[in-house]
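Here is a short report for a reader who is new to this structure. Look through the sequence and the model before reading on.

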Amino acid sequence: MALAICVFCSSSQRIDRRYLKLAADVGTEIARRGHTLVSGGAVVSSMGAVARAAREAGGRTVGVMPQVLVDMEIADTDSDELIITGDMRERKGLMDARSDAFLVLPGGIGTLEELFEIWTSRVIGMHAKPLVVLDPWGLFTALRHLVTDLYDAGFTRADVFDAITWTTTIDEAMDHLEAPARAISPAPEEIGESAAG
């Protein structure tokens, strides 16, 4: 049940260190559970922290980065696979295509853009991949209220709430990311029973 988990997160170097630790802990857990990390391919901030931690824990990392950011010398050249794209749109498309699930950590407008694109495409049925937000300190609380207000005002439909899961712990987030794959994969004991029968 190994997944390619795309993590959207911050590249800002001005954020509190607790966000970097969160990203590192996520990377470690992704690797511990046997999954591959797909990220924006930067070596800085949360992006760098999640990828380094995943590799240190024995995980595989795939970075996707547009040439303009490579030219700024922030590419994670230690990635097991570093894919260079022509622009941001191509980058997001490849990250989406290479991923089985999406995890959003605290971040800025770039992270929000990625979140909204995946969220919208799921609401309209373009994919059914799990989308989970990990928000231990309530950074996105106002966003959740805004979406509720948009729904109440008729600007979105009810399944906007079903298309996303909000979590506060890493274990909770990972369990939600893995749930669809677990639902279609037989448990090891079931495989044994089938072979014996």
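The report covers aromatic pairs, pockets and salt bridges.

## Aromatic rings

This is a predicted model. It holds five aromatic pairs. One of them joins Tyr19 and Trp137. Their ring centres lie 5.3 Å apart, and the planes meet at 90°. The pair is edge-to-face, because planes over 60 degrees apart count that way. Tyr19 sits in helix α1 (residues 17–32), whereas Trp137 sits in the loop between β6 (131–134) and α6 (141–152), so the pair ties together parts 118 residues apart in sequence. Tyr19 is buried, at 13% relative accessible area. Trp137 is partly exposed, at 40%. Trp137 has another neighbour: Arg18 lies over the face of the ring, 4.7 Å from its centre.

Tyr151 and Phe161 also form an edge-to-face pair. Here the centres are 5.3 Å apart and the planes stand at 80°. Tyr151 belongs to helix α6 and Phe161 to helix α7 (residues 159–162). The two residues are 10 apart in the chain. Tyr151 is partly exposed, with a relative accessible area of 33%. Phe161 is partly exposed too, at 34%. Elsewhere, Phe116, Trp119 and Trp166 form one aromatic cluster.

## The largest pocket

How much space lies in the largest pocket? The volume is about 230 Å³. The lining has 17 residues. Cys9, Ser11, Met47, Gly110 and Thr111 lie nearest the pocket centre.

Two elements give two or more residues each to this lining: α4 (88–97) and α5 (109–123). The largest share comes from α5, with five residues. By class, the lining has eight nonpolar, six polar and three charged residues.

## The second largest pocket

The second largest pocket has a volume of about 180 Å³. Its lining includes Phe116, Trp119, Thr120, Val123 and Ile124. Val147, Leu150, Phe155, Thr156 and Val160 line it as well. Phe116 and Trp119 thus appear again; both belong to the aromatic cluster with Trp166.

Helices α5 and α6 each give two or more residues to the lining of this pocket. The most come from α5, with four residues. Which classes make up the lining of the second largest pocket? There are eight nonpolar and two polar residues, and no charged ones.

## Salt bridges

The structure holds 13 salt bridges. One of them joins Asp175 and Arg33, at 3.0 Å from N to O. Asp175 is in helix α8 (residues 170–184), and Arg33 is in the loop between α1 and β2 (36–39). They are 142 residues apart in the chain. Asp175 is partly exposed, at 34% relative accessible area. Both residues are part of a network of salt bridges. The network also links Glu29, Arg32, Asp171, Glu178 and Arg182.

Glu81 forms a salt bridge with Arg60, with the closest N and O atoms 2.8 Å apart. Glu81 lies in strand β4 (residues 81–85) and Arg60 in strand β3 (residues 60–66), so the bridge ties together parts 21 residues apart in sequence. Glu81 is partly exposed, at 24%. Arg60 is partly exposed, at 38%.

Lys92 and Glu117 form another salt bridge, with 2.7 Å between the closest N and O atoms. This pair links helix α4 to helix α5, across 25 residues of sequence. Is Lys92 buried or exposed? Lys92 is buried, because its relative accessible area of 9% is under 20%. Its partner Glu117 is partly exposed, at 37%.

Definitions and conventions:
Residues are numbered from 1 along each chain as its sequence is written. This is a predicted model: local features need pLDDT of at least 70, side-chain atom pairs count only at pLDDT 80 or more; totals for chains, interfaces and linings use all residues. Side-chain values use heavy atoms; hydrogens and water are left out. Rings of Phe, Tyr and Trp (its six-membered ring) pair if their centres lie within 6.5 Å; planes under 30 degrees apart count as stacked, over 60 as edge-to-face and the rest as tilted. Buried means under 20% relative accessible area, exposed over 50%, partly exposed in between (1.4 Å probe, protein chains only). A charge sits over a ring if NZ of Lys or CZ of Arg is within 6 Å of the ring centre and within 35 degrees of the ring normal. On a 1 Å grid over the protein atoms alone, a cavity is a set of points where a 1.4 Å probe fits but cannot get out, and a pocket is an open set with protein on both sides within 12 Å along at least five of seven lines; lining residues have an atom within 4 Å of a point. Grid points are joined across faces, edges and corners, and a volume is the space filled by probe spheres set on the points. Ala, Val, Leu, Ile, Met, Phe, Trp, Tyr, Cys and Pro count as nonpolar, Asp, Glu, Lys and Arg as charged, and the others, Gly among them, as polar. A salt bridge is a side-chain nitrogen of Lys or Arg within 4 Å of a carboxyl oxygen of Asp or Glu.
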